[in-house]
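Hi,

Here is the structure I promised to pass on to you. Have a look at it first, and then read on for my notes.

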Amino acid sequence: MKFWPLIKVLPVRTHFRFVRLSRLFATLSMVAIAISLFLTVYPFKLPCGGLACGIDFAGGTVLELSTAPKAIDTGQVRGALKGLGLGDVQVQPVGGPSSAMIRFQTPAGADISKTVAAVQAKLTQSLGTVKFTRADVVGAKVSGELLTSGLLGLGLAILLMLLYIWFRFELQFGLGAVAALFHDVFLTFGLIAIMGRLGKIEFDLPAVAAILTIIGYSMNDTVVVFDRMRENLRKYKRMPLGDVIDMSINEMLTRTIITSFTAVLALAALAVFGGPTLYGLSVIMLFGIVIGTYSSIYIAAPVILLWGVKRSDEEAEPLKPATQR
Amino acid sequence: MMNLAKWKVILVLLATILGFLFTLPNLLPAKVRDGLPAFMPKNTLHLGLDLQGGSDLLYSVDVVALRNERLTNMAEDVRTTFRDKQIAFTDLAVANGEIGLRVSDPTQMSAALNALRQSIGGPGVNGTREVNVSTGDNQRIRIAFVPEAFDADVSKAVDQNIEVIRRRIDQMGTKEPDISRRGKDRIDIQAAGESDPERLKSVIGQTAKLSFQMVDETASPEDLAEGRVPPGDEILPSTDGVAPSYIVKKRQVVTGEMLTNAQSTFDSQTNQPVVSFRFNSIGARKFGDITRQNIGKRFAIVLDKKVISAPVIESAISGGSGQIHGHFTVESANDLAVLLRAGALPAPMKVEEQRTVGAELGADAVKAGAISGIIGLVATVVFMIVIYGWLFGGISIIGLIVNGLMIVGVMSLTQATLTLPGIAGLILTLAVAVDANVLIYERMRDELRAGRSLITSMQAGFALAMATILDANMTHILSAMIMFQFGSGPVKGFAWTLAIGVLTTVFSAVLVTQVLLAWWFRATRPKTLPIA
């Protein structure tokens, strides 16, 4: 038996009874969503709750500096900034031994631009040769706007997808798709919350972009399954809805797995080699793709079963010959 | 097989050739690129600031300060008007965004209101009045801007600010930044390659209001030390390196608007950098008068409420020109000359957001993006070959390559900005592109399995998968649209890249794959599909 091309070896048609397990998985998903929501909002602190708020949404300043080729002394950096009245200053190493990242909130009322200039001057004075490789400053007004528009964007995206599916399929499909979307978005927030607590991923603009992409991707996956479902509903008019759903998912399973695996391959490369800026973005998308694949199968489709679909035999029957009139 | 229309082949060939042509400049070293004949495209990818290094500064016009400034001026008008009409008043002050005052004599109330109506707040936009005058108990009068009129004022001030900034930057002679207006009261400035925006900021953000004010010689150093300010005077900090601050007369004898020119030069005796200036006729006359009357006294040259120099007047200066001997370096003298020539900002501004990426960090990001892109691509290629074999795997890889040429070509042609998240968008496009192929192949296999002939299966594979592909990719376009609407800078770049990628993907998956498969079919007349 040949093992290549692999497609010939893969089972031609699987017969998993997905629908039968949907109750179990729905319960698991509910629990996961509840945990995610809790982690996302707790502690109830504005603006980001339990997420590690990036400066995009919290406001403040992030400086990256390098004392290459000398190793950087984070203690010295901390000491130098003590007298400036900046409040909570975080200093942590990034990249190599000679680079560090400083993050602080601009004191209320102070000019953000002048504060940065003062900090840079002070550090240059106490560290000697130092290069500022990045300086991001976001004022309170802008960060508030970015957060509002980010959340608005997420809400609008979900609404738009509902409308699109409603328009292209029917309302029941739209509701199933949106249930899957909420599932994906909530769990992704849970991931960001956990990774935030581990100090790995911040909730910032790229994170929102990643979630929007996941919405697009998860929808893409759902649409493909729905498409086949619609076709099979027309083809097999008397087959129970649950069986049609199972059959449609099984038929698309090879495609779903191949596609998701490709996406995972590409994004894994990005997460590992893409550097710190792309790490959060790619990890969130990786997670979202896995979750999105799962939710198309176990959330979107069963929700349709819950709501039922209009299946009128008469309507879909071929038109009677005109002579009969 | 597969009625392959000629236009499809032509379209695919055209797309490939054009994609290659427009991608080519990115692959050539700059020297070769410059040597290309004129008809060849030369644009390379336009890298975002996060990839090439640079600064993005978002300023907002300080609306509160602008309002206070306008109100303060108006309050002075009110004071003069009432004095002229001999209307007694008290408590004239600007507070909480309005002018408040109290007319002392109740019988003068209507005269006061009449006078106000005639003198202040001329017709604003739409012919309506610019200000609201309201009365309260105890002959109190409050004057505030009509919101629409003030908004129009802000809008005009932003336009004027942009004009001034543009003039300043033009004269600085650095690499030209992009200046654009954002929303109602914001100005965005993107300077590529500028990794130390401090000088840029000092040139852009400075209001640069210049005035000449007399130093109050009657005030003693003790007054200054104890912060006692004689009436009509103010204490201003100094940067001249002689004294930390001065007590000067509030009255501005001559102001920056009266300048016609300013240049940075060197003092002929000390060889220090100085700024020489020239007044217009009104300024020259006033300056001449004041210097004639005050020989031996000092006048202060004040820039944005800071004394930059306080020289002693040695003789009357009637020629209308002079020099500022500040505590200058060549650069700061040059910057001041630029500021004076370009004029003061009509409205004060403050930095709302600043993003600066050093060129090295940008280069690192490009490297990281390229490496992960190549690894992702190789992994995808290997995976497709493993799954679908040389032929079908190969066909989708050729599709991917054409797709890549088209994306880079379109992005170079349209000069769309490629940002770091945009690279992620490109890599994700790989997955989307492969998906389209997988949908087609799986559909063919399904149809074969359903008992159709090879030819009809292949045709049905395309026809039926097509609808799914369009439906499914529409969702990416929708989410990209939203990102474009709501995102800023890098996120917009991501959305743009994703959208272009999805469009070219649909094209290459559907047409390129179809043409290649048809060629294969004609050449070999196969009896079975190698993937079924």
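Below I go through what was found, starting with the sheet and ending with a pair of helices.

Please keep in mind that this is a predicted model.

A good place to begin is the open sheet, which is built from 8 strands with antiparallel pairing. Reading across, the order is β2(A)-β3(A)-β1(A)-β4(A)-β18(B)-β2(B)-β8(B)-β7(B). At the edges sit β2 (89-93) of chain A and β7 (178-182) of chain B, each of which pairs on one side only. From one strand to the next, the twist averages 20°.

Where do the chains join within this sheet? Strand β4 of chain A (residues 131-138) pairs with strand β18 of chain B (residues 349-357) in the antiparallel sense, over 5 bridges. To find the spot on your screen, look for Arg134(A), which stands opposite Val357(B), and for Val138(A), which stands opposite Glu353(B).

Helices pack on the sheet too. In chain A, helix α4 (residues 74-82) touches β2 and β3 (99-104), and its direction makes about 160° with that of β2(A). In chain B, helix α7 (residues 198-205) lies across β2 (54-61), β8 (186-192) and β18, running at about 25° to β2(B).

Now for the contact between the chains as a whole: 60 residues of chain B are in contact with 63 residues of chain A. On the chain B side, the elements that each supply at least two residues include α7, β18 and α12 (420-449). The largest share, 17 residues, comes from α11(B). By class, this side of chain B has 32 nonpolar, 15 polar and 13 charged residues.

Chain B is also assigned three domains: domain 1 (6-53 + 358-524), domain 2 (63-145) and domain 3 (209-326). The C-alpha centres of domain 1 and domain 3 of chain B lie 65 Å apart.

Finally, back to chain A for the helix pair. The axes of α2 (residues 18-41) and α7 (residues 171-197) of chain A come within 8 Å and cross at roughly 50°, which makes α2(A) oblique to α7(A). The crossing of α2(A) past α7(A) is left-handed. Among the residues of α2(A) in this contact are Ala32(A), Ile33(A) and Ser36(A), while those of α7(A) include His183(A), Phe186(A) and Gly190(A). The contact of α2(A) with α7(A) has 10 nonpolar, 5 polar and no charged residues.

Happy browsing, and best wishes!

Technical notes. Residues are numbered from 1 along each chain as its sequence is written. Chains are lettered from A and ligands numbered from 1 in the order in which they are written. This is a predicted model: local features need pLDDT of at least 70, side-chain atom pairs count only at pLDDT 80 or more; totals for chains, interfaces and linings use all residues. Two strands pair if DSSP finds at least two bridges between them. Helices (H or I, at least four residues) and strands (E, at least two) are DSSP runs, numbered from the N terminus. Axes are lines fitted to C-alpha atoms, for helices over the stretch in contact, and angles run from 0 to 180 degrees between N-to-C directions. Two residues are in contact if their C-beta atoms, placed from the backbone, lie within 7 Å. Ala, Val, Leu, Ile, Met, Phe, Trp, Tyr, Cys and Pro count as nonpolar, Asp, Glu, Lys and Arg as charged, and the others, Gly among them, as polar. Domain bounds come from an automatic or database domain assignment. Angles under 35 degrees count as roughly parallel, over 145 as roughly antiparallel, 65 to 115 as roughly perpendicular and the rest as oblique. A crossing is left-handed if the near helix is turned anticlockwise from the far one by less than a right angle, and right-handed if clockwise.
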